Structures are given as C-alpha cells and as structure tokens.
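Q: I am new to this structure and would like a close look at a single part of it. Please take the part that opens the chain, and say what surrounds it.

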Amino acid sequence: MIRYSLICDKEHQFDSWFQSADAFDKLLSASMVTCAVCGGTDVRKSVMAPRIGKATDTNVDRPLSAPASTAEQAFKELREKVEANSEDVGTNFAAEARKIHEGETPERSIYGQAKPDEAKALIEDGVPVMPLPFMPPRKTN
C-alpha cells in the first residue's frame, strides 16, 4: 500500500491510499481518482514529505479522505446538503429554473449546470439563482 498526498485543480488537498504506484497511475489515467472535497477528476500528486517514525506508529490526526481544512469541510457539508435536499437537473438547469419560476412545473429545489449567458438571463428575468462553490459529481455510467 502507498499513500499519496493529492491536490485537485481547485487546490483542494487530500490524501488517499493505493495498492501500488502502478495502481494509482492506472486509476488516474482512467479518471477514477476524484477529489474528496469537490469530486473533480483533475487530480495530481502534491509535494510530499517522507513519513519518519516507528513502524507501529499509526497516529493519524484525521481520516485520509477527510478535507484538510475547516473551509474544505464546510464546502463538503454544503455539497452533501444540496445533493440530499435538491434534484440534480444537470444541463437542463436554466430551462427547469425558468419553468419553476413561471409556474409551469411544481416548485422544488434544483441544482445543475448553466452556461454563463443562461445564468445571466435568469438573473435579469428575476429568477432566483445562485452559483454553487463546487462542481457536479462525476457520472460513472
């Protein structure tokens, strides 16, 4: 087993264990290594210091998959709350938000992706929307 310190393109730092260096390389090339905070797949190894200590020393301050800071923990909790209490409408977000605002479909909490011009048009038309500080989860299907 090997532990790597990793960092995503959003600068979230986290640690993860892998069976071997080759296993890490294979998983990374298949986009199967994801950020523990935002779920992004643009992940790379971070600068690591060797662990020096007794072989029986297993004292770890936090789980390896846990966010490294309180801010990252807050983002993780926000993401979990949004995903648990809202419907992911994916790339149909702008159209669905407009339908809800105009009363064409039942009111409910939704999240998804919108192009910048779509989001701007929603705001200009008085549709209550806001950007979320995380990327959508990676689809595995």
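A: Two strands are said to pair if DSSP finds at least two bridges between them. Helices (H or I, at least four residues) and strands (E, at least two) are themselves DSSP runs, numbered from the N terminus. The model is a predicted one, in which local features need pLDDT of at least 70 and side-chain atom pairs count only at pLDDT 80 or more, while totals for chains, interfaces and linings use all residues. Residues are numbered from 1 along each chain as its sequence is written, and side-chain values use heavy atoms, with hydrogens and water left out.

First, the setting. The protein chain has four helices and five strands. Read from the N terminus, their order is β-β-α-β-α-β-α-β-α, and the part described here is the hairpin of β1 and β2.

β1 covers residues 2–8 and β2 covers residues 13–18. The two strands pair in the antiparallel sense, over six bridges. Two of the facing positions can be named: L6 has F14 in β2 as its bridge partner, and Y4 stands opposite S16 in β2. β1 also pairs with β3, again in the antiparallel sense, over three bridges. β3 is the strand at 43–45, and V43 in β3 is the residue that stands opposite C8. β1 thus has pairings with β2 and with β3.

Next comes the cover over β1. Buried means under 20% relative accessible area, exposed over 50%, and partly exposed in between, using a 1.4 Å probe and protein chains only. By that rule β1 is mostly covered, with five of its seven residues buried. For the protein chain of 141 residues, the buried share is 26%.

The turn of the hairpin has four residues between the strands. E11 and H12 both belong to this loop between β1 and β2. E11 has a positive phi, near 70°, although it is a residue other than glycine. E11 counts as partly exposed because its relative accessibility is 46%. H12 counts as buried, because its relative accessible area is 9%.

What does H12 touch, leaving out residues up to four places away in sequence? Contact here means heavy atoms within 4.5 Å. The residues are L6, I7, C35, V37, C38 and E72. L6 and I7 fall within β1, at 2–8, while C35, V37 and C38 are members of the largest nonpolar core.

That core is the next thing to look at. A nonpolar core is a set of buried Ala, Val, Leu, Ile, Met, Phe, Trp, Tyr and Cys residues joined through side-chain atoms within 4.5 Å. The largest one holds eleven residues: Y4, L6, C8, F14, F18, F24, V33, C35, V37, C38 and V43. β1 and β2 are the elements that give two or more residues to this core, and the largest share, three residues, comes from β1. Apart from it lies another core, of eight residues, including A94, A97, I100 and I110.

L6 shows how the surroundings of β1 come together. Leaving out residues up to four places away in sequence, L6 touches H12, Q13, F14, D15, S16, F18, F24, V33, V43, R44, K45 and S46. F14, F18, F24, V33 and V43 in that list also belong to the largest core. Over the protein chain, residues 24 or more positions apart account for 51% of the contacts with a separation of 6 or more.

Two residues after the hairpin complete the picture. L27 sits in helix α1, residues 21–29. With 31% relative accessibility, L27 counts as partly exposed. Residues up to four places away in sequence aside, L27 touches F18, M32 and V33, and both F18 and V33 are core members. S31 is in the loop between α1 and β3. Like E11, S31 has a positive phi without being a glycine, here about 55°. Its relative accessibility of 33% makes S31 partly exposed.

To sum up the part: β1 pairs with β2 over six bridges and with β3 over three, five of the seven β1 residues are buried, and β1 gives three residues to the largest nonpolar core.
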